Amino acid sequence: MPASPSTARAINDRVALRLLQQEGPLTAGQLKQLTGLSRPTVADLVERLTAAGLIEVVGESGEQRRGPNARLYGIVADRAHLAALDVRTEGVSVVVSDLLGRELARASVPIADDTGTGPAVEQAVTLVERAAKEAGAERLHTVGVGAPGLIDPATGELRDSSGLPEWHRRLVAALQERLPARVIVENETNLAALAEQRDGAARDRDTFVLLWLGHGTGAAVVLDGRLRRGASGGTGEIGFLPVPGTSTLPSATDCEGGFHSLAGSAAIAELAAGHGLVATAVSPGEPEAAALVRQAVATLSSASPSPSPSAFSGADRFLSALADRLAIGAASVVAVLDPGCVVLGGEVGQVGGEVLAARVGERLARMSPLPVEVRASALGGGAVLRGALLTARESAQDDLFTPRSR
């Protein structure tokens, strides 16, 4: 059944807007070439989108031609402002951007363990408000929030999870009350996977698993291009995975004894200490494990100052032991999902780089009959903020790029 004229116009508008978002400013002639639409149809949609305040003239093409240069049209970037939050147990980071995702402001605030729920929430909300003001945003259209824990697939809300601060759940409600914005909440590891697929280590993969290695552990599953959350939103809670090499078993309320006991930051720090390694974090909030892995990789690198034989040997044994641990958790995921690719994400995965990824890959090749490529994160801990911003931007564009019924 052919589309009605209004439906056809809506489809054409969205196609043109997506092209402008992906390709940058274009002339009417370029839009005609890329869309295959007629010149009058393109002229009509340009006029319509300009009147709606979605696109504007941003310059001239500079093409050598008779008569005036062709006008370049681009999306009105400040039509909407967005915010992305990375909520951790130790603090909050925020980025504010325009509709095209260009960063306008960035800020963070540490939140101590002994901070009360009310003060912690106030610190986080105030941080967002100040960042928005610094960015020149009168209001925020959409806020993407990445947080640890389970997201209820029915309500989209952060569920009450043991071991996580109460202020996490209260923060989402406070943002919805204080900000005239749509607030979208997603598990931090899921957002990291989206970012790695769009801009990072998994750009060429439709199916992969991201193994998050930061302060804690987690996993995100992308199958056939779609993020999989599970029946209760708990896909990827790999910290609770029972594994050999621990002294106990995890429980429904405590991941101690699960994979977390082998690959969490505290466990990696203990492993490093046993091999004589020490290191200092290079930035506030960096997991101790990341600093230790970075130091070990640098010790093995030919570009680093020549280490003593004992230091070299200690770093080598530490990374091998860590790869043994990571392969145990990864092998279980590979056996069930056959993802073909495992990305070592988070701060630890990024600093471990190809050195750590190669060692984990070698072990998986011996443990599993299924072919799997192991890659290092390209975005590290910053993937959560990037994923939250991508999610906020896509939601805002879907809203703004949908023509309103008249």
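## Strand E4 and its partners

Let's start with a pairing: strand E4 and strand E7 (residues 142-147) run parallel and are joined by five bridges. Within this pairing, leucine 82 stands opposite threonine 142 of E7. Keep in mind as you explore that this is a predicted model.

E4 also has a partner in strand E5 (residues 91-98), and here the two run antiparallel, with eight bridges between them. One pair to look for is leucine 85, whose bridge partner in E5 is valine 94. A hairpin of two residues links E4 to E5. As general background, strands of a sheet pair through backbone hydrogen bonds, and they do so either parallel or antiparallel.

## How enclosed is E4?

Eight of the eight residues of E4 are buried, so this strand is largely enclosed by the rest of the structure. You can check this face by face: His81, Ala83, Leu85 and Val87 lie on one side, Leu82, Ala84, Asp86 and Arg88 lie on the other, and all are buried.

Is histidine 81 buried or exposed? This residue of strand E4 (residues 81-88) has a relative accessibility of 11%, and because buried means under 20%, histidine 81 counts as buried. Setting aside neighbours within four places in sequence, histidine 81 is in contact with Ser97, Asp98, Leu104, Gly136, Ala137, Arg139, Leu140, His141 and Thr142.

## The nonpolar cores

In soluble globular proteins, nonpolar side chains tend to be buried together. Here, the largest nonpolar core has 45 residues, and those touching the most other members are Val293, Phe318, Leu322, Leu326, Leu344 and Val360. Which helix gives this core its largest share? That is helix H10 (residues 309-337), with twelve residues.

Phenylalanine 318 is a good place to zoom in. Apart from neighbours within four places in sequence, phenylalanine 318 is in contact with Ile268, Leu271, Ala272, His275, Leu277, Leu292, Val293 and Ala296. There is also a second, separate core of 34 residues, with Val96, Ile111, Ala137 and Leu140 among them.

## A five-stranded sheet

Next, find the open sheet of five strands, which follow the order E11-E10-E9-E12-E13 with mixed pairing. At its edges are strand E11 (226-228) and strand E13 (373-376), each of which pairs on one side only. On average, neighbouring strands of this sheet are turned by 25° against each other, ignoring direction.

Edge strand E11 runs antiparallel to strand E10 (residues 217-223), and three bridges join the two. In one of these pairs, valine 222 has leucine 227 of E11 as its bridge partner. Helix H10 appears again here: H10 lies across strand E9 (208-213), E10 and strand E12 (341-345), and runs at about 155° to E9.

## Two crossing helices

Two packed helices are described by the angle between their axes and the distance between the axes. For helix H1 (residues 5-23) and helix H3 (residues 39-51), the axes come within 10 Å and cross at roughly 80°. Angles of 65 to 115 degrees count as roughly perpendicular, which means that H1 is roughly perpendicular to H3.

Which residues meet where H1 and H3 touch? From H1 come Arg9, Asn12, Asp13, Ala16 and Leu17, and from H3 come Thr41, Asp44, Leu45, Arg48 and Leu49. The residues of this contact are a mixture: four are nonpolar, two are polar and four are charged.

Key:
Residues are numbered from 1 along each chain as its sequence is written. This is a predicted model: local features need pLDDT of at least 70, side-chain atom pairs count only at pLDDT 80 or more; totals for chains, interfaces and linings use all residues. Side-chain values use heavy atoms; hydrogens and water are left out. Axes are lines fitted to C-alpha atoms, for helices over the stretch in contact, and angles run from 0 to 180 degrees between N-to-C directions. Helices (H or I, at least four residues) and strands (E, at least two) are DSSP runs, numbered from the N terminus. Angles under 35 degrees count as roughly parallel, over 145 as roughly antiparallel, 65 to 115 as roughly perpendicular and the rest as oblique. Contact means heavy atoms within 4.5 Å. Ala, Val, Leu, Ile, Met, Phe, Trp, Tyr, Cys and Pro count as nonpolar, Asp, Glu, Lys and Arg as charged, and the others, Gly among them, as polar. A nonpolar core is a set of buried Ala, Val, Leu, Ile, Met, Phe, Trp, Tyr and Cys residues joined through side-chain atoms within 4.5 Å. Buried means under 20% relative accessible area, exposed over 50%, partly exposed in between (1.4 Å probe, protein chains only). Two strands pair if DSSP finds at least two bridges between them.
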